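Let's take a walk through this one, starting with the whole chain and then settling on one sheet. Keep the 3D view open as you read.

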Amino acid sequence: MIYPKHFEEKTGFDKIRELIAGECISEMGKQFVGKIRFSSNAEVLVKILEQAEEFKQILQFGKPFPTNNFFDLREYLRGIQTPGSYIEKEPLFDLRASLRTIQEVLIYIEKLNHGEFPRIKSMTDELYFPKDILKEANRIIDDKGEINDNASEKLREIRKQIITKQRQVLKATKKAFDLAKKSGWIPENADITVRNGRSVIPVKASDKRALHGFIHDESSTGQTVFVEPGESFEINNEIRELENDERREIIKILTQFTDRLRPFLNDLFQLYRFLGLIDFIRAKALFAIKTESCKPIITAEKKILLQQAKHPLLLLAHKAQNKEVVPLDMELDSNTRILVISGPNAGGKSVCLKTAGLLQYMLQCGLLIPVKEDSEFYLFDRLFIDIGDEQSLENDLSTYSSHLLNMKYFLRHANENSLFLIDEFGTGTEPQLGGAIAEAVLEELNKKEAFGVVTTHYTNLKIAAEKNSGMINGAMLFDSKEMQPLYKLQVGKPGSSFTFEIARKIGFPKYVLQKAKKKSGNKAVSFDQQLQQLELEKLKLEKKEKALTSAERKLNETLAKYEQLKKNLEQSKKVILEKANQQALEIIESSNKAIEKTIREIKEGKADKKVTKEARQKLELKKENLKNKKENTAAKTSVTQNKKNEEQQPVPGDWVKIKDSDIVGELISIDGDDALVNVNSVRLRTSASKLEKSSSGPKASSTFKSSRQGIMHDINKKAVNFNLSIDLRGKRADEAMSILKKYIDDAILLNIKEVSILHGKGYGILRDIIREYLQSVEEVHRFGDAPLDMGGSGITRVVFR
């Protein structure tokens, strides 16, 4: 139930219809726009919304959709249902063109992935396309809309004879013309012309009997007559007979085609309805892209959760002026069903109310709406609105009387499944009495558990919202220092009308304002100002608190990384010491064995000088070997350590190598972890942690040049073939990650600043895996969803450092 009848004009939905109709390319699509109706059927609405959302994805990321020749021939086809009737040449030409378009659309949809576009693909399930009819139409009529010579054997023969006769006419006329010219019967500079569709010769009136033939016309002066030679006259008559035969044959061909077409008329009616529906869905998707719209969550829980909501008409108007729209955040649920918005004039109260009402109506008409995807909407059965001046001279209604009639209707028909919207509640009569009636009406609607949004300046309504459960206040914020509205809704506290501030801003007489303040009470005015200023200060503190929380989180992450590095260093130190101790024990054990063996040999030789000398020599040799082993080990350790130190500390001017690649170049500068390397006069930006010192420099001329040329060839090849976006839809997680890692490495190597990763929406599994990996890449500065008109959460945009 929608009230009043002109609900759409009040909310601006009539303009939404016009804009969507303007996106249609056929009258069939516009007819569907005219049939848009409000519905509370969740199953139907979800289907319609998903169709529009899928088509939006097609327009944004798919191949160009066919848009030519969206003709509607249903009315004409109904006229040939009677046996014996036949299709005319021009409609046949349009039929062929439109059937080609339908075939292209069906093939396009057939190639779509069913997992990503189930709603669009299911639209073709019950359709039958008569391919033989299109084939026959292609055979009968050509691209210029003329019947083909090969449409029948007889037609081809007739046209062949006509061409032969036409040549004979031309020859006979030319022969007679030459004779007349030679005889002087033709006026000077005259030539063969046409009269009544026949070739004639201009002849002097005095010589008209000299040339045998048929006179068709004469000049305005009567001095020249136009004669068709007798021989041509006879042949032209034969051509007329052949042309009559041609027309009869064409009618026969068209009749036979129509007889073949007639059994498929019902199928064609369905196909043309489908074509119009596709045009309609496409128009809705185009409008959704322009208004940054999407499909929100439809919930069975009674609530409205608007997040980053924008009025579509206001959004389009601001876009045209390169201005931003302040988005609306609002929540109603079973505990706070009615929102009472107060605040200054021109502060955005009515826009908030209209935005909430229009978006709810658009959604329940099957249109995507400009909100965040995680916004939630309950489907109401009844929508009521009271906006603007309803004064009627014809019905003898004042403005306030019309408002009272609307309130009477609301009270009679509102229930727990109703949403009402009332602008400037209680105005139009004496404020105290009007406010009292408005408060009583609001309390009754609250008892009926209806949902609603109202705007007001009345203090008693603000107090009622504060003290009654089920109701809540909301304020349109106003910067009292800058003296300008912020167009932001703050729920929880009532707003001020800022009457005196606005009056002062427009230059209202100060002495009058002073008198007014005294009459209203200075304390009330001052308290009102302080209340609003406190709300502004609260907002600023909340922003600072968010910034501090973010900084604290980053600090904790840095500390955690430091602790992990320290732990890894301690572990490495422990391993090195254990290895050194083990080597020392091995040396001692080996030395002890050598000494024991020497002592044993001396004893066995009974202290023979020769044996003792040899034993001493062996012991000295073993000692020397152990000493050398120790020195070699120390030297290797020192070299390794020096090498590691050099690798960790390259300085500008050093030749460096990018790890895990053959790229060698001169280090130009280092700024933190950001390094700039010159590779064959090409500057590459990379991470300093990926660099290691290289011994190869300019002296290794031939090898270096060969390597450098190969490197540059590889880099140039990568740069030429690099795409700023990558499509991972349909890939398995491991396959997608393998492709993504190589892609990100190439992007970093080529110093790309920003790329887009297309992963689709689905269940978000692939998106989560991709983003988890991106968090581990140091070169990634930030990443997040693309703008709604460029894919939203289906695309991750990555910005590098």
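The protein chain holds 23 helices and 24 strands, and keep in mind that what you're looking at is a predicted model. How much of the chain is buried? Of its 801 residues, 42% count as buried, where buried means under 20% relative accessible area. As for the outside, the protein chain exposes about 45900 Å², and carbon and sulfur atoms supply 51% of that area.

Contacts give you another view of the fold. Take the contacts in the protein chain with a separation of 6 or more: 68% of them come from residues 24 or more positions apart.

Now scroll along to residue 725 and onwards, where a sheet is worth a stop. Here 4 strands make an open sheet with mixed pairing, and the order across it reads β21-β22-β24-β23. Which strands sit at the edges? That would be β21 (725–727) and β23 (780–785), each of which pairs on one side only. Going from one strand to the next, the twist averages 20 degrees.

Zoom in on the β21 side. β21 runs parallel to its partner β22 (residues 754–758), and the two pair over 3 bridges. If you'd like a specific spot to click on, try Ser725: its bridge partner in β22 is Ser756.

Finally, look at what lies across this sheet. Helix α23, covering residues 765–775, lies across β22, β23 and β24 (795–800). Compare directions and you'll find α23 running at about 160 degrees to β23, which is one of the edge strands.

Notes
Residues numbered from 1 in each chain as written. Predicted model: local features only at pLDDT ≥ 70, side-chain atom pairs only at ≥ 80, totals over all residues. Heavy atoms only, no water. Pairing = 2+ DSSP bridges. Axes fitted to C-alpha atoms, helices over the stretch in contact; angles between N-to-C directions. Contact = heavy atoms within 4.5 Å. Buried < 20%, exposed > 50% of the residue type's maximum accessible area, 1.4 Å probe, protein only. Areas by Shrake-Rupley, 256 points an atom, 1.4 Å probe, with all protein chains shown as cover.
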